[in-house]
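Here are some short exercises to work through with the structure at hand. Try each task yourself before reading its solution.

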Amino acid sequence: MKTFINKTILNLSLFLLLFSYVFAQTPIKDILGNPLKYDGKVVTIQGKAMFVKEKVSRAGNLYTTFDLYDGEETITIFTWGHNHVKDGERVEVVGIFKETKRVGKLIFKNQIDADKIKQLK
């Protein structure tokens, strides 16, 4: 029984450590200062949404783009769907940073493809 409890505590501790590592916030200046280090990695950032644009692609897919400003730097956010983020709203974004993203003939630099956007108070 004692071994089971010790293993459970160890597994929980490892999970919490991994969870905090994956979802630890990264300053935008760190990402932009070394984009190849973060390329393809999951990042979590918070800031103010600016220049929010809800659009529809030629294929009919809804998507949203906006700039996220953390008080020092700004980075572009892309997400599928219309998340109803408003200009000036504080949000937390979790997504994959891409140093270079190609869509057809278009090339996007230093963008986060958001998987999760949470509105903050």
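**Exercise 1.** Locate Asp 113 and find which side chains it joins by polar contacts.

Solution. Start with the place: Asp 113 sits in strand E5, residues 106-119 (strands, E, are DSSP runs of at least two residues, numbered from the N terminus). The model is predicted, so local features need pLDDT of at least 70 and side-chain atom pairs count only at pLDDT 80 or more, while totals for chains, interfaces and linings use all residues. Residues are numbered from 1 along each chain as its sequence is written, and side-chain values use heavy atoms, leaving out hydrogens and water.

Next, the surroundings: Asp 113 is buried because its relative accessibility is 13% (buried means under 20% relative accessible area, exposed over 50%, partly exposed in between, with a 1.4 Å probe and protein chains only).

Finally, the partners: the Asp 113 side chain has polar contacts with those of Lys 98 at 3.0 Å and Lys 101 at 3.2 Å (a polar contact is a pair of N or O atoms within 3.5 Å; within protein, one must be able to donate a hydrogen and the other to accept it, and residues adjacent in sequence count only if both atoms are side-chain atoms).

**Exercise 2.** Is Glu 99 buried or exposed?

Solution. First find Glu 99 in strand E4, residues 90-103. Its relative accessible area is 19%, so Glu 99 is buried. Then look at its side chain, which makes polar contacts with the side chains of Thr 100 at 2.8 Å and Lys 109 at 3.3 Å.

How values were computed: Helix = DSSP H or I, 4+ residues; strand = E, 2+ residues; numbered from the N terminus.
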